[in-house]
Amino acid sequence: MTRTEYRWLLPSAMADPELPGDRGGRSRRTVRDWVVDIHAFVCAVLVGMLAVTAIDADRTTSDGVVFVDCLVGAAACCALWVRRRWPVGAAVGLALVCAVEPAAAGALLVALFSVAVHRPFRPAAGVLALTAALSPVQPYLRPDPETSLVESVSVSLLLYLLVLSWGMVVRSRRQLVATLRERARRAETEAELRAEQAQRLAREAIAREMHDVLAHRLTLLSVHAGALEFRPDAPKAEVARAAGVIRDSAHEALQDLREIIGVLRGPGESDGDRPQPTLATLDSLIAESRLAGMKVSVDNRVTDPAATPAATGRTAYRIAQEALTNARKHAPGAEVEVGVTGGPGEGLTVEVRNPAPEGPFERVPGSGQGLIGLRERAALAGGRIDHGPQPDGGFAVRAWLPWPSS
């Protein structure tokens, strides 16, 4: 059932987010509240009728006094209908009336219960203290021939304490339910925030994949398209080779983009559907770069690249890919040195160096976020990365990634 379906079964203090009396607003009665209020009114009327019957049984009491007692008792019972909105005021007024009118005793008990339920301890204790102080007045002014003053006061105080204690128990239970409800609401909110954060992190990871993959492909397109533009008199074989590289790079870029967009459209797909390069596929990256016209020398001292942990190998591949892409952009024609060393227990080191560019060249625009992305990748993998210009005018990227011994 939804909240609107079972709200009528709860008191307003349970159906509303907060307890009445803890705020200045007015709670709307539920069906249960009306049932409780009617029963409380009837009980107060019955107690008042019993008191009036006892007074009428005393032959020393005139009919006029009995009539006034009936009117005052009825007014006291009717005052209970405002006890939810002004519980303290109603209880104080009924305490003053009950000091001289026995017929208002039932209404006073109900009012004390309401104060204990709808107000904190201090106001309830204050009303109890006032009621206790006035309790001897009524038996003193209108004594019961069959009951002594001490007995009347003791019974009255005992009833007041019992009613107040009962109301405080009810209030404590309602506060507990409200606290549990707030905790549940907060837990749901935190769960939604965690889910949103996970989605955001996943999208950031996909964005990094798109940057690393597409930047490499599009750089090949830009370099070879620029070569065709500035060398229209190139040999046919070289033009055909450059056109083939452009075609293959465009096709592979589209394939990579389709795979990554497929992950975005199908969040339930596993990571196995996504391109996951490793250190073992580094040779294909080098071959692709050489096919594109780069001069690349490799010093790979890892005896078994396939044994590299998947996350470490993937990060190393992306670092080498981004470094080769930057070298192709900023030092075309220069020979790039790629070094890979390490093993289990000592970590994996990837180093990519390129000398200064040979002569002027057409610069390829970039976002400048590649090295920032590499630093984030290395940090997420538990490693570190250093990069910067070299004394000879070149540039170097050196990264270390953890490789557990087992």
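**Exercise 1. Rings at the helices**

Task: In this predicted model, decide whether Trp166 counts as buried or exposed, and then describe the aromatic pair that Trp166 forms with Phe113.

Solution. Step 1: Trp166 has a relative accessibility of 55% and therefore counts as exposed, given that the class begins over 50%. Step 2: Phe113, with a relative accessible area of 21%, is partly exposed. Step 3: the two rings lie 4.7 Å apart, centre to centre, with 50 degrees between their planes, and the pair is tilted. Step 4: Phe113 belongs to helix α6 and Trp166 to helix α9 (residues 149-230), so the pair ties together parts that are 53 residues apart in sequence.

**Exercise 2. The other ring pairs**

Task: State how many aromatic pairs the structure holds, and work out the geometry of the pair made by the rings of Trp34 and Trp81.

Solution. Step 1: three aromatic pairs are present in the structure. Step 2: the ring centres of Trp34 and Trp81 are 6.1 Å apart and the planes stand at 40 degrees, so this pair is tilted; the tilted class applies because the angle is neither under 30 nor over 60 degrees. Step 3: Trp34 is located in helix α3, whereas Trp81 is in the loop between α4 (63-78) and α5 (87-98), so parts that are 47 residues apart in sequence are tied together by the pair. Step 4: Trp34 is partly exposed at a relative accessible area of 43%, and Trp81 is likewise partly exposed, at 31%. Step 5: through ring pairs, Trp34, Phe41 and Trp81 are linked into a cluster.

**Exercise 3. Two helices that cross**

Task: Describe how the axes of helix α3 and helix α6 cross, and which residues meet there.

Solution. Step 1: the axes of α3 (residues 31-57) and α6 (residues 105-118) come within 7 Å of each other and cross at roughly 145 degrees. Step 2: on the α3 side, Ala40, Ala44 and Val47 take part, and they meet Ala105, Gly106, Ala107 and Val110 of α6. Step 3: sorted by class, this contact of α3 with α6 comprises six nonpolar residues, one polar residue and no charged residues.

**Exercise 4. The open sheet**

Task: Give the order of the five strands in the open sheet, and find which are the edge strands.

Solution. Step 1: the strands follow the order β1-β2-β3-β5-β4, with mixed pairing. Step 2: β1 and β4 (384-389) are the edge strands, since each pairs on one side only. Step 3: on average, neighbouring strands of the sheet are turned by 10 degrees against each other when direction is ignored. Step 4: β4 and β5 run antiparallel and are joined by six bridges, with Arg384 standing opposite Trp400 in β5. Step 5: α11 packs on the sheet, where it touches β1 and β2, and its direction makes about 160 degrees with that of β1, while α13 lies across β4 and β5 and runs at about 155 degrees to β4. Step 6: β3 and β5 also run antiparallel, joined by seven bridges, and Asn354 has Phe395 of β5 as its bridge partner. Step 7: the hairpin of β4 and β5 has five residues between the strands, and Gly393 in this hairpin takes a positive phi near 95 degrees.

**Exercise 5. A residue in strand β1**

Task: Place Ser297 within its strand and list what Ser297 touches beyond four places in sequence.

Solution. Step 1: Ser297 is found in strand β1, which spans residues 295-300, and is partly exposed with a relative accessible area of 24%. Step 2: with residues up to four places away left out, Ser297 touches Arg290, Glu335, Val336, Glu337 and Val338. Step 3: from Ser297 to Gly339 there are 42 residues in sequence, and their C-alpha atoms are 8.5 Å apart in space.

**Exercise 6. The nonpolar cores**

Task: For the largest nonpolar core, identify the residues with the most contacts inside it and the element that gives the most to it.

Solution. Step 1: this core has 27 residues, and Ile319, Leu324, Val338 and Leu348 are those with the most contacts inside it. Step 2: two or more residues each come from α11 (282-291), α12 (310-330), β2 (335-343), β3 (347-354), α13 (370-380) and β5 (395-401). Step 3: α12 gives the most, with seven residues. Step 4: apart from neighbours within four places in sequence, Ile319 is in contact with Val350, Leu374, Ile385, Val397, Ala399 and Leu401. Step 5: a second, separate core of 25 residues includes Cys98, Ala99, Ala124 and Tyr160.

Notes:
Residues are numbered from 1 along each chain as its sequence is written. This is a predicted model: local features need pLDDT of at least 70, side-chain atom pairs count only at pLDDT 80 or more; totals for chains, interfaces and linings use all residues. Side-chain values use heavy atoms; hydrogens and water are left out. A nonpolar core is a set of buried Ala, Val, Leu, Ile, Met, Phe, Trp, Tyr and Cys residues joined through side-chain atoms within 4.5 Å. Buried means under 20% relative accessible area, exposed over 50%, partly exposed in between (1.4 Å probe, protein chains only). Helices (H or I, at least four residues) and strands (E, at least two) are DSSP runs, numbered from the N terminus. Contact means heavy atoms within 4.5 Å. Axes are lines fitted to C-alpha atoms, for helices over the stretch in contact, and angles run from 0 to 180 degrees between N-to-C directions. Ala, Val, Leu, Ile, Met, Phe, Trp, Tyr, Cys and Pro count as nonpolar, Asp, Glu, Lys and Arg as charged, and the others, Gly among them, as polar. Rings of Phe, Tyr and Trp (its six-membered ring) pair if their centres lie within 6.5 Å; planes under 30 degrees apart count as stacked, over 60 as edge-to-face and the rest as tilted. Two strands pair if DSSP finds at least two bridges between them.
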